[in-house]
Amino acid sequence: MALQTATSFLPSALSARKEGAVKDSAFLGVRLADGLKLDTSSLGLRTKRVNTSSVAIRAQASAVSAPTATPASPAGKKTLRTGTAVITGASSGLGLATAKALAESGKWHVIMACRDYLKTARAARAAGMPKGSYTIVHLDLASLDSVRQFVNNVRQLDMPIDVVVCNAAVYQPTAKEPSFTADGFEMSVGVNHLGHFLLARELLEDLKASDYPSKRLIIVGSITGNTNTLAGNVPPKANLGDLRGLASGLNGAGSAAMIDGAEFDGAKAYKDSKVCNMLTMQEFHRRYHEETGITFASLYPGCIATTGLFREHIPLFRLLFPPFQKYITKGYVSEEEAGKRLAQVVSEPSLTKSGVYWSWNNNSASFENQLSEEASDTEKARKVWELSEKLVGLA
Ligand code: LMG
Ligand code: NDP
Ligand code: PMR
C-alpha cells in the first residue's frame with residue numbers, strides 16, 4: 001500500500017513525464033495562475049491552452065497500488081481490506097481533520113479531492129498524515145468540467161471507491177453581489193450543492209462497483225440550514241421557496257441568483273445550499289439505498305468556529321465567534337473532535353443506517369437528529385434533484 005506522491009511539475013514548460021501504466025501512476029492537480037492547463041484525461045498528456053486559472057498537472061507517483069483484498073489473519077479470521085475514501089475539501093478544517101483521523105487509523109486510504117494541490121500537500125504534511133495513506137487529486141467544484149475530469153482521474157488510479165464524503169464548501173456572508181462558477185451558477189449553491197451533486201451522481205457508479213462491505217455516501221449538512229433550531233433562526237434564514245431561481249439557472253442574469261428567486265444574500269445562499277445537501281442525501285437514500293445497499297448520510301458535526309469557512313466574515317465576527325460558541329452557546333467543537341465525528345460516519349460499524357442526519361450530544365455520543373420541515377420535505381427533495389439534474393447536464 002505504499003504510495004509516495006512526488007510532484008514534478010514545470011509550469012512554464014508544462015512538461016510532465018509519462019510514468020508507465022496507469023495503474024502505477026497517480027494524477028495530481030495543482031493550481032497555477034498562468035491560465036494553462038495540462039489535460040490529464042488521457043495518458044496522451046495533451047497540453048492545451050484554456051481560459052481558466054485551474055491547471056491540472058499530471059505528476060509522478062510511485063507504486064500506487066489498490067488497497068487489496070482481505071488477507072486472512074493468523075487466527076484465520078478475515079480482516080477488512082483497506083478502504084478508500086474520497087473527501088472533498090480535505091485541505092483544511094473538517095475535511096483535513098477527517099482525512100487525518102481516517103489515515104491514522106490505518107484502515108483507510110484517503111483521496112483528498114482539492115482545488116489547491118500545494119496547499120493540500122502542505123496541510124497533509126503539517127497534520128502528520130502518514131506517507132502513503134493519501135493521494136491528492138485536483139477537484140474544483142466551481143467547474144463541472146473539473147468535476148468530470150476528477151472522476152476520470154480517480155478512475156485512472158485503479159483504486160476502488162468505497163466511501164465518498166461531500167465536505168467542501170464556501171461561505172460568503174459579506175458579499176454584496178453574487179459571484180458565479182465557471183458554469184454560471186451562484187457560487188455558494190454552485191460549489192456546495194451543484195458541484196457535489198454531479199460528483200456524487202457520477203461516483204455512485206464507482207460505489208456500486210466496490211466490493212467493500214459498508215459503502216457510504218456522506219454529504220455534510222448543518223444546523224444553520226435547519227429552522228427547527230435556534231441557530232437556524234438567526235437571520236437570514238434558509239428558505240428555498242418555490243425553487244424558481246434554481247429552475248431558471250441561478251445565473252443572476254435576467255434571473256435570480258438565489259434559489260427562491262429573491263435578492264442575493266450570501267449568508268442565506270450558504271444556508272440554502274446546506275438545505276439542498278440534506279435534501280439530496282435523503283433523495284439518494286430513497287432512490288438508491290434499497291437497490292445498492294449504499295448508506296447515505298448527512299451530519300452536523302458541531303460548530304467548528306475556527307475553520308477557514310469564516311475567512312470572508314468581518315474580523316470582529318472572527319474574533320468573537322469562537323468564544324461565543326465556546327462559552328455561550330456551548331455548541332463549539334474543535335476541528336480534531338469534529339474530524340473524529342465525521343470519521344465515525346465514514347467508518348463506524350454502528351453508523352450504517354441510511355437516510356440519517358447525525359448529530360452529537362455534549363458527551364460526543366452520536367444520535368439521529370430531526371431535520372426541519374423544509375429540509376425533510378420529500379416533494380422539495382424530488383424537485384431539487386430534478387432541477388439540479390438539468391443544471392449539471394444529467395437530464
Ligand atoms: C450578519 O451579521 C450580517 O448582517 C448578514 O448579512 C450575514 O452576513 C450574517 O449570518 C451571517 O451576519 C452578523 C452580526 C449580526 O453578528 C456579528 O457579526 C457578530 C455576532 C457573533 C457573535 C456574537 C457575539 C456575542 C458576544 C460574545 C462575546 C463573547 C465573549 C465570550 C467570553 C467568555 C468569557 C469567559 O448579528 C446577528 O446575527 C444578530 C441576530 C440576532 C437574531 C437572533 C435570533 C435568534 C434568537 C436569539 C435569542 C437570544 C439568545 C441569546 C443569545 C445571546 C447572544 C449574545
Ligand atoms: P473550511 O473553509 O476549512 O473548508 C472548506 C474546504 O472546502 C476547503 O478545503 C476549501 O478549499 C474547499 N473548497 C472551497 N471551495 C472549493 C471548490 N470550489 N472546489 C473544491 N474545494 C473547495 O471550512 P469547514 O471545514 O468548516 O467546512 C467543511 C464543511 O463543514 C462544509 O460543508 C461546511 O458547510 C460544514 N460545516 C461547518 C461548520 C463549522 O462550524 N465550521 C458547521 C457545520 C457544517 P481551500 O482550502 O482551497 O479553500
Ligand atoms: Mg450561530 C445554540 C446556539 C447556536 C449554535 C449551535 C450555532 C451554530 N449558533 C447558535 C446561536 C446563535 N448564532 C445566536 C444566538 C446568534 C446571534 C448572536 C448567532 C449568530 C451567528 C452568526 C452571525 N451564528 C452564525 C453566524 C454565522 O455567520 C455562522 C453562519 O450562519 O454561517 C452560515 C453561524 C453559525 N452558528 C452556528 C454554526 C454552526 C454556524 C456556522 C455555520 C455553518 O457551518 O452552518
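The following paragraphs describe a sheet, three ligand sites and two backbone features in a predicted model.

Residues are numbered from 1 along each chain as its sequence is written, and chains are lettered from A and ligands numbered from 1 in the order in which they are written. In this predicted model, local features need pLDDT of at least 70, side-chain atom pairs count only at pLDDT 80 or more, and totals for chains, interfaces and linings use all residues, while side-chain values use heavy atoms and leave out hydrogens and water.

The sheet comes first. It is open and has eight strands, in the order E7-E6-E5-E8-E9-E10-E11-E12. Its pairing is mixed. Helices (H or I, at least four residues) and strands (E, at least two) are DSSP runs, numbered from the N terminus. Two strands pair if DSSP finds at least two bridges between them. Strands of a sheet pair through backbone hydrogen bonds, either parallel or antiparallel. Strand E7 (134–138) and strand E12 (366–368) are the edges, and each pairs on one side only. From one strand to the next, the twist averages 25 degrees. Axes are lines fitted to C-alpha atoms, for helices over the stretch in contact, and angles run from 0 to 180 degrees between N-to-C directions.

Strand E5 (residues 83–88) and strand E8 (residues 163–166) run parallel and are joined by three bridges. Here Ile87 stands opposite Val165 in E8. Helices also pack on this sheet. Helix H3 (residues 144–156) touches E5, strand E6 (108–114) and E7. Contact means heavy atoms within 4.5 Å. The direction of H3 makes about 145 degrees with that of E7. Helix H6 (residues 266–292) packs on the sheet too, touching strand E9 (216–220), strand E10 (295–299) and strand E11 (356–360). The direction of H6 makes about 160 degrees with that of E10.

Ligand 1 is surrounded by residues that include Tyr171, Pro173, Leu230, Val234, Pro235 and His313. A residue is near a molecule or strand if one of its heavy atoms lies within 4 Å of it. An oxygen atom of ligand 1 lies 3.3 Å from an N or O atom in the side chain of Tyr171. Another contact involves the backbone: a polar backbone atom of Pro173 is 2.9 Å from an oxygen atom of ligand 1. A polar contact is a pair of N or O atoms within 3.5 Å; within protein, one must be able to donate a hydrogen and the other to accept it, and residues adjacent in sequence count only if both atoms are side-chain atoms. Taken alone, ligand 1 exposes 1,300 Å², and the protein buries 46% of that. Accessible areas come from the Shrake-Rupley method with a 1.4 Å probe; for residues, only the protein chains shown count as cover. Helix H7 (residues 315–329) gives the largest share of the shell, five residues. The shell divides into 11 nonpolar residues, one polar and no charged. Ala, Val, Leu, Ile, Met, Phe, Trp, Tyr, Cys and Pro count as nonpolar, Asp, Glu, Lys and Arg as charged, and the others, Gly among them, as polar.

Ligand 2 has 30 residues around it, and Ser91, Lys119, Asn167, Tyr270 and Thr307 come nearest. A backbone N or O atom of Leu94 lies 2.8 Å from an oxygen atom of this ligand. An N or O atom in the side chain of Lys274 is 2.8 Å from an oxygen atom of ligand 2. For a backbone N or O atom of Gly308, the distance to an oxygen atom of ligand 2 is 3.2 Å. On its own, ligand 2 has 890 Å² of accessible area, and the protein covers 98% of it. Helix H1 (93–105) and H6 are the elements that give two or more residues to this shell. Its residues divide into 15 nonpolar, 10 polar and five charged.

Ligand 3 is surrounded by 18 residues, and the closest are Tyr171, Ser222, Thr224, Tyr270 and Gln325. An oxygen atom of ligand 3 is 2.4 Å from an N or O atom in the side chain of Ser222. For the side chain of Thr224, the corresponding distance is 2.5 Å. A polar side-chain atom of Tyr270 lies 2.8 Å from an oxygen atom of ligand 3. H7 gives the most to this shell, with five residues.

Two backbone features remain. Most residues other than glycine have a negative phi, and most peptide bonds are trans. The peptide bond from Pro235 to Pro236 is cis, with omega near -5 degrees. Pro236 sits in the loop between E9 and helix H5 (244–247). Leu250 has a positive phi, near 55 degrees, and is found in the loop between H5 and H6.
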